[in-house]
Structures are given as C-alpha cells and as structure tokens.
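Work through the exercises below with the sequence and the coordinates open. Try each task before reading its solution.

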Amino acid sequence: MAERQSAEKVGEWRRLIDSLRGAGVEPYPHSFRITHSVKALNELRRQALLEPWVGLVVRTAGRVTDVRRHPNVVFIDLYEDGARFQVMADPKLPGVEGVWRGDFLGVEGAIVKTQRGDYAVKASSLILLAKAVQPLPEWGKVDRDSPFYMRYRSVAMVLDLQLRWRIAARARFIQALREAMWKRGFIEIPTPVLQPIYGGAAARPFTTKIWAIDEEWYLRISPELYLKRYIIAGFPKVFEVGPQFRNEDIDALHNPEFWSLEAYQAYADYNDMMRLTEEVVYEAVSAVLGTGVVKYRDQTINFSPPWRRITLHDALREYGGVDPDRLTDDQIREKLRELQVPVKVYNRGVALVKLFEKLVEKKLVEPTFVLDYPEESTPLCKPHREKRGLVERFEAFVGGHEVANAYTELNDPVRQYEYFVREEELFPKEEAHPLDWDFVEELSFGMPPTGGVGIGVDRLAMVITNAESIKDVIPYPIVKRA
C-alpha cells in the first residue's frame, strides 16, 4: 500500500517536472549569482537604511513562503536564513504564473518603495531555482504536535521561526562553549564514537557489529574514559563537545542521541570543575543572548557566578523534608514505595540519590551545585578527603533539571578495579558500569590528580531558549516513524 502511494506521488512529481521542461523551463538549474542576500536586504530595511538604495538593481534569491496575487501586481515573500523580503512582479512577467509556496526563486530587479512606505524588489526577471513539487504548507499553520512537524523537520524550521531560532541559538551556544574552553587553555580532542566497551555512565548502549573483525561494539554513552586516557598521555587540559548515545528514554528531557561537553584537567579537583562550569556556562549564555539572565517558564534565572553550593544531605533536609542521617534503611524503603520509585536492588547510597531525584531536583531552579554524593553512586569518583562514605562529586541543576555532573576523578588503579567489580555485584547488568580492564591497566601507568565534568548542552539550550521539551532544541529528534 505504502509503495503504491509513493509511486503515485512520484508519478505526479514527474509529470509536473516534465511539463516545466516541456515549456522550456529548467526546474533545477545549477547556480544563480546574487548581489544581495534576502537577509542583507531585510537588515537594511530593519535599520531604515534602504532609502538611498531605491532604484538600485539587485539580484537576490530565496524560498517563496507566500504569494499574493492581485489584478495588477503579484507580491512574493522570499525567505532566507531567518529573514524575509518582498518582491513585486507584473502578473504577465514570464515565470510568475507558476510560482507557489516552497519554490526557490532567483530575482533581478530594482529596489522600490511601495505605496505603504515599505520596500520591495520590483522584478524584471524571475528564475526558478528549485521547484517544490509539493507546495509548502501555509506559513504559521502547522501544528507543533503533528507527525508532520516532527518528521519533516526541515520544513518545520521554515514554517516555525521560533523553532529555527532555538536551533540556531543551540548552535551558537555550542560555539560559545568551545570558545570559552579554548580561551582557558583546553584543547578539543576527539574520542571514538564506536567503542569495544561502553563506559563513563550507567546507561543501556546501542550495540553494533564490526563485521571486519567479527566483534560486537557499542556507540559511546560517554567520552569519559577516552578523555582520561589523554590525561594519562600527558595532555593537561582536554575537552570534547559532541553526541552521546543512550538506548533509553524518549521524553521531554531525554533523547537517545544528545550532545554534551566533557572536560578533564590535570592537577584539579571538583572545586576547580565548579568554577570552570559556572564561568563557561555563564559566558556561553551571555554570548548567545547578550545577558546572563534568562526567562524560563515562569521563573527568572541568573547564570552569573558564583552559583549556590549545597551538599546532597543538606538539600534533602532543606527541600525534601527528610534527614538522611536519621533515616533507617526500612524508612528509606518505605519512603521510596510511598513515592512510587522502583528499586531493583536496594543500596542505601543509591536509594538516597533516588530520594533526592524525586523530592528535590525539580525545586532547584536557580543554578545550584549539589555536592558530596554517596560512594555507591558512581565507580569513577575519588573518595571524599574528609567525609567517609561519600565521594567528591557534584551535579549542577538549573530550572529543575540536571545539567552537569563532575568528579574529583579516581586515579587509583586498584580502587578503580574494585569499584568496577562492586558495580557488577551490586547492580543488574543493565544498570552496572562494565569492567573496562584496558582502562584499568592504562590507569596503572599513572594518571595525575584530575578534575572532570560533563555538561548537558541540550538541556541548557532548553532553559536559555525557554523551550518546553528537548525536542524543541534538537534539530532532528528521534520520533516513532509508524
């Protein structure tokens, strides 16, 4: 059924293309020389600088987003790079009759001032640059919850200027993060996307087969263990911005493919990573928006350093109404049942983290570092230098969302091996960090004291663009096709 419908649709497209070529019009020419882009003309118009240009002949091009036909004139809106500019054409001008929404059009003509005091290009010639064999839906009338909106994302970015702005803001945010890191002496250095052992987080990986060597490999869930290898190799400050892949939830805060910044610095600890995080994020937000203060939902959030610091235990007391030092294991179990938080294998430290996630996380609106986690929460972090049973770990929260995770990194190879083994004993296979013996052996050659941090790019982009869902900032989120 689907194949027949596709064939019928392609047949319609072919007939339209053939009719154009039969009339001597090439619907897909190779190039078109422009003198002034739509965006440049719109910017001059916006700044009231076009008056001296009246009468100047220009060549511009863009996508047709609207056509308004009148007896004596046709108005065409051209769109390019988030900007629009109007074209006026005589209804008898060759090529104007077949123009519809979605076509890419090249225009040559003089700048004129309209009767309403606006500006336009009065076309002396129109050149079809690409025929949209399916007309573009009407501007601004596509339902954001529709399958069309998610599946045909390139069209959605044309029709929804807010979506396009968010996608562009995310891209500028990534660029600004990179610039802030390079400025501090970090170098961006690649790590493998395909890995023989996944690691750096507790997550279900995507599995693939390397046929040339007949082995099962994985898409990375984190670049952590490979960036630490660079520290071992003598690179003192390294980072990478790029996609990670976790075969887990799809919801307002999760997409199986997401972007992060991970950074590692020799001779540093989690205190240094807190300062790095708050400074870099603030600089990047300010670079994108021109300010470090943003509106998110009904809250105003100030990214200016320093961010608040609070221990996990104190956060549970202040926001969760429970005292972790006084709770018995039975009381913790009962509390988790009451909150409907599933626990496959009970462990006190992990259970306290789950309580925190349920009771506290959403209340942390202003940028906040929550630090000093139970040692069972991660196998990759160094034990706290003063507090027994805790590790030097922090998570950062903004707008009620976790946006960063950092450690004073574990560099003791014996402890690292023991922690990996403990993970496999304590947790089900799908929740445990696998034993990476190659990494343990490399660690045995020596890694200096190191601080490391992972920053969630997409969730921060959500907050700074006031988006409801992570899908609103990811250009091509994963959605069910059928």
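Five exercises follow, each with a worked solution.

The model is predicted, so local features need pLDDT of at least 70 and side-chain atom pairs count only at pLDDT 80 or more, while totals for chains, interfaces and linings use all residues. Residues are numbered from 1 along each chain as its sequence is written, and side-chain values use heavy atoms, with hydrogens and water left out.

**Exercise 1. The surroundings of Glu 278**

Task: Determine where Glu 278 is placed, whether it is buried or exposed, and what its side chain reaches.

Solution.
1. Locate the residue: Glu 278 belongs to helix 7, residues 270-289. Helices (H or I, at least four residues) and strands (E, at least two) are DSSP runs, numbered from the N terminus.
2. Classify the accessibility. Buried means under 20% relative accessible area, exposed over 50%, and partly exposed in between (1.4 Å probe, protein chains only). With a relative accessible area of 5%, Glu 278 is buried.
3. Look for polar contacts, each a pair of N or O atoms within 3.5 Å; within protein, one must be able to donate a hydrogen and the other to accept it, and residues adjacent in sequence count only if both atoms are side-chain atoms. The Glu 278 side chain reaches the backbone nitrogen of Trp 307 at 2.8 Å, and a polar contact of 3.2 Å joins it to the side chain of Arg 309.
4. List the contacts (heavy atoms within 4.5 Å). Leaving aside residues up to four places away in sequence, Glu 278 touches Phe 303, Pro 305, Pro 306, Trp 307, Arg 309 and Phe 369.

**Exercise 2. A sheet of three strands**

Task: Give the strand order of the sheet that holds strands 7, 8 and 9, and name its edge strands.

Solution.
1. Apply the pairing rule: two strands pair if DSSP finds at least two bridges between them. Strands of a sheet pair through backbone hydrogen bonds, either parallel or antiparallel.
2. Read the order: the 3 strands form an open sheet, 7-9-8, with antiparallel pairing.
3. Find the edges. Strand 7 (194-195) and strand 8 (207-210) each pair on one side only.
4. Check one pairing: strand 7 and strand 9 (residues 215-219) run antiparallel and are joined by 2 bridges. Leu 194 stands opposite Leu 219 of strand 9.

**Exercise 3. Salt bridges**

Task: How many salt bridges are there, and which parts of the chain does the pair Asp 269 and Arg 385 tie together?

Solution.
1. Set the rule: a salt bridge is a side-chain nitrogen of Lys or Arg within 4 Å of a carboxyl oxygen of Asp or Glu. The count comes to 37 salt bridges.
2. Take the named pair. Asp 269 and Arg 385 meet in a salt bridge of 2.9 Å, N to O. Asp 269 lies in the loop between strand 11 (257-266) and helix 7, and Arg 385 in the loop between strand 15 (368-374) and strand 16 (390-398), so the pair ties together parts 116 residues apart in sequence.
3. Add accessibility: Asp 269 is buried at 14%, whereas Arg 385 is exposed at 53%.
4. Take another pair. The side chains of Arg 348 and Asp 329 form a salt bridge at 2.8 Å, N to O. This pair links helix 10 (residues 348-359), which holds Arg 348, to helix 9 (residues 329-338), which holds Asp 329, 19 residues apart.
5. Classify both partners: Arg 348 is partly exposed at 29%, and Asp 329 is partly exposed at 32%.
6. Trace the network: salt bridges with shared partners join Asp 314, Arg 317, Asp 323, Asp 325 and Arg 326.

**Exercise 4. Annotated positions**

Task: Place the residues that the UniProt annotation "binding site" covers.

Solution.
1. Read the record: the unreviewed UniProt entry gives this annotation for Glu 395 and Glu 402. UniProt positions are given in the numbering used here, feature names are shortened, and annotations may be inferred rather than shown by experiment.
2. Glu 395 lies in strand 16 and is buried at 6% relative accessibility. Its contacts include Thr 368, Tyr 373 and Glu 402.
3. Glu 402 is in strand 17, residues 401-408, and is partly exposed at 25%. Among its contacts are Glu 361, Glu 395 and Arg 459.

**Exercise 5. Helix 13**

Task: How many residues of helix 13 are buried?

Solution.
1. Count: 8 of the 8 residues of helix 13 (residues 457-464) are buried, so the helix is largely enclosed by the rest of the structure. Arg 459 is one of them.
2. Check what follows: just after helix 13, Asn 466 takes a positive phi of about 55°.
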